Amino acid sequence: MTVVHPHSLRLGATIGIVAPAGPNNEEKLQAGITYLQSKGYRTVVGTHVHDAYGYLAGSDIARAADINEMFDRDDIDAIICSRGGYGAMRLLPLLDYQCIRANPKPFMGYSDITSLHLAFWKEAQLATFYGPMVSIDINDHMRPLVEQTMWQLLTEPSFAGELMYDRASNNVRAMLPGIAEGVLVGGCMTLVEALLGTPWQLDCTGRILFLEDVDEEWHDIDRMLAHLSLAGIFRDAAAIVMGEMVNVHNSDESKPSLHLAELYRDYLSGLSKPVLVDFPSGHGQDMTPLPLGCAVRLDASGASIRLLEAATI
């Protein structure tokens, strides 16, 4: 299928807010809504966004219904998730992919929302945005370059250039040098790995693979890297971008462990392709928004990712 690019956001457009995963902190949710409205956008909160069912923001049927409705409604111009957490993967069999492909809209979120990015890509070939969420990151305290890149991707159909980040405060580096071009795919490593063997497994053939994660033990990072390697994910990709690994740790410091540099060496150093590590996107404060499903040029030696096409039309 041909890649489907959503229409760009215009001032005064309406942004729908959905909660595909965990329940929301109402105060933080309202702060995000207030920010979006201050930028000149109308907001519509999904019917079930305020629901709670254990560690989920309502039942699977209710959360999926909100997503389906937001794509189906003519008065909704874009969709931003309220937060991640856990639970988006439970929705994949319940989504109306035909409706989603017929009504392409900017869709943004990260972390557990990776499940939806991968499903929308597989079923509808929809380009989406791995970026800030309403009750977590979208507020008056966003880092300037994060905010700038987010709005460029969402609102400027002519924007096709380097994704800017604060080079002074980030130690981005090439593990393996080189340049590669391809469609950018991926997301949170936990979810990319969890979908292996399902209908929504990510096909990385000839593509630029991005992975990041948070709050994982070193041995869990090791296991996921091993699984992805054994499944041929690293072999098939044209290049690898490892994003931030936030708060990865060894909970029992009395036991020996391997660390990120050693794990990357074990699984990535033997690849004959560009590998960029510690790119600031994911769960950190300098979370560079990424246009998934868009053609990019990765220059590992220059520590840069450049769009080769606009993310929106």
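# Notebook: two sheets and some ring pairs

I began with the sheet that holds β1, and found an open sheet of 6 strands with mixed pairing, in the order β2-β1-β3-β4-β5-β11. I then looked for its edges: β2 (42-45) and β11 (290-292) take those places, each pairing on one side only. From one strand to the next, I read an average twist of 25°. A reminder to myself: this is a predicted model.

**Entry: β1 and its partner.** I followed strand β1 (residues 14-18) to β2 and found the two running parallel, joined by 4 bridges. For isoleucine 17, I noted valine 45 in β2 as the bridge partner.

**Entry: helices on this sheet.** Next I checked what packs on these strands. Helix α2 (residues 60-72) does, touching β1, β2, β3 (78-81) and β4 (107-109). I have its direction at about 165° to that of β1. Helix α4 (residues 114-124) packs on the sheet too, where I see it touching β4, β5 (128-130) and β11. The direction of α4 makes about 155° with that of β5.

**Entry: a closer look at α2.** Does the length of α2 agree with 1.5 Å a residue, or disagree? I find that it agrees, because 13 residues should span 18 Å and the end C-alpha atoms of α2 are 18 Å apart. I also listed the buried residues of α2: Asp60, Ala62, Arg63, Ala64, Asp66, Ile67, Asn68, Met70 and Phe71. Those buried residues pack against β1, β2, β3, α3 (97-102), β4 and α4.

**Entry: tyrosine 53.** I stepped back to the loop between β2 and α2, where tyrosine 53 lies. Is tyrosine 53 buried or exposed? I count tyrosine 53 as exposed, because its relative accessibility is 53% and exposed means over 50%. Leaving aside neighbours within four places in sequence, I find tyrosine 53 in contact with Gly58 and Ser59. I also took the C-alpha separation from tyrosine 53 to isoleucine 67, which is 17 Å for residues 14 apart along the chain.

**Entry: aromatic pairs.** I then went through the rings and came away with 9 aromatic pairs in the structure. In one of them, tyrosine 55 and tyrosine 86 have ring centres 5.6 Å apart and planes at 70°, so I put the pair down as edge-to-face. Which parts does this pair tie together? Tyrosine 55 lies in the loop between β2 and α2, and tyrosine 86 in the loop between β3 and α3, so the pair ties parts that are 31 residues apart in sequence. I have tyrosine 55 as exposed, with a relative accessible area of 55%, and tyrosine 86 as partly exposed at 41% relative accessibility.

My next stop was tyrosine 130 and phenylalanine 210, an edge-to-face pair at 5.7 Å centre to centre with 70° between the planes. Tyrosine 130 is in strand β5 and phenylalanine 210 in strand β8 (residues 208-214), so here the pair ties parts that are 80 residues apart in sequence. I checked the accessibility of each partner: tyrosine 130 counts as buried at 1%, and phenylalanine 210 counts as buried at 0%. I also jotted down a cluster of Tyr35, Tyr41 and Trp151, linked by ring pairs.

**Entry: the sheet that holds β8.** I followed phenylalanine 210 to an open sheet of 7 strands with mixed pairing, ordered β6-β10-β9-β8-β7-β12-β13. At its edges I found β6 (173-176) and β13; each has a single partner strand, so one side of each is left without a neighbour in the sheet. The twist here averages 35° from one strand to the next.

At the β6 end, I counted 3 bridges to strand β10 (residues 275-279), with the two running antiparallel. Arginine 173 has valine 277 in β10 as its bridge partner. At the β13 end, I saw 4 bridges between strand β12 (residues 295-299) and strand β13 (residues 304-307), which run antiparallel. Arginine 306 in β13 is the bridge partner of arginine 297. I read β12 and β13 as a hairpin with 4 residues between them, and noted that alanine 303 in the turn has a positive phi of about 55°.

**Entry: the record.** Last, I looked up the UniProt annotation. The unreviewed entry lists "domain: LD-carboxypeptidase N-terminal" at residues 15-131. Over that span I have 37% helix and 15% strand, with the end C-alpha atoms 15 Å apart. The entry also lists "domain: LD-carboxypeptidase C-terminal" at residues 181-298. For residues 181-298 I noted 27% helix and 30% strand, with the end C-alpha atoms 6 Å apart.

Note on methods. Residues are numbered from 1 along each chain as its sequence is written. This is a predicted model: local features need pLDDT of at least 70, side-chain atom pairs count only at pLDDT 80 or more; totals for chains, interfaces and linings use all residues. Side-chain values use heavy atoms; hydrogens and water are left out. UniProt positions are given in the numbering used here, feature names are shortened, and annotations may be inferred rather than shown by experiment. Two strands pair if DSSP finds at least two bridges between them. Axes are lines fitted to C-alpha atoms, for helices over the stretch in contact, and angles run from 0 to 180 degrees between N-to-C directions. Contact means heavy atoms within 4.5 Å. The expected span of a helix is 1.5 Å times one less than its number of residues. Buried means under 20% relative accessible area, exposed over 50%, partly exposed in between (1.4 Å probe, protein chains only). Rings of Phe, Tyr and Trp (its six-membered ring) pair if their centres lie within 6.5 Å; planes under 30 degrees apart count as stacked, over 60 as edge-to-face and the rest as tilted.
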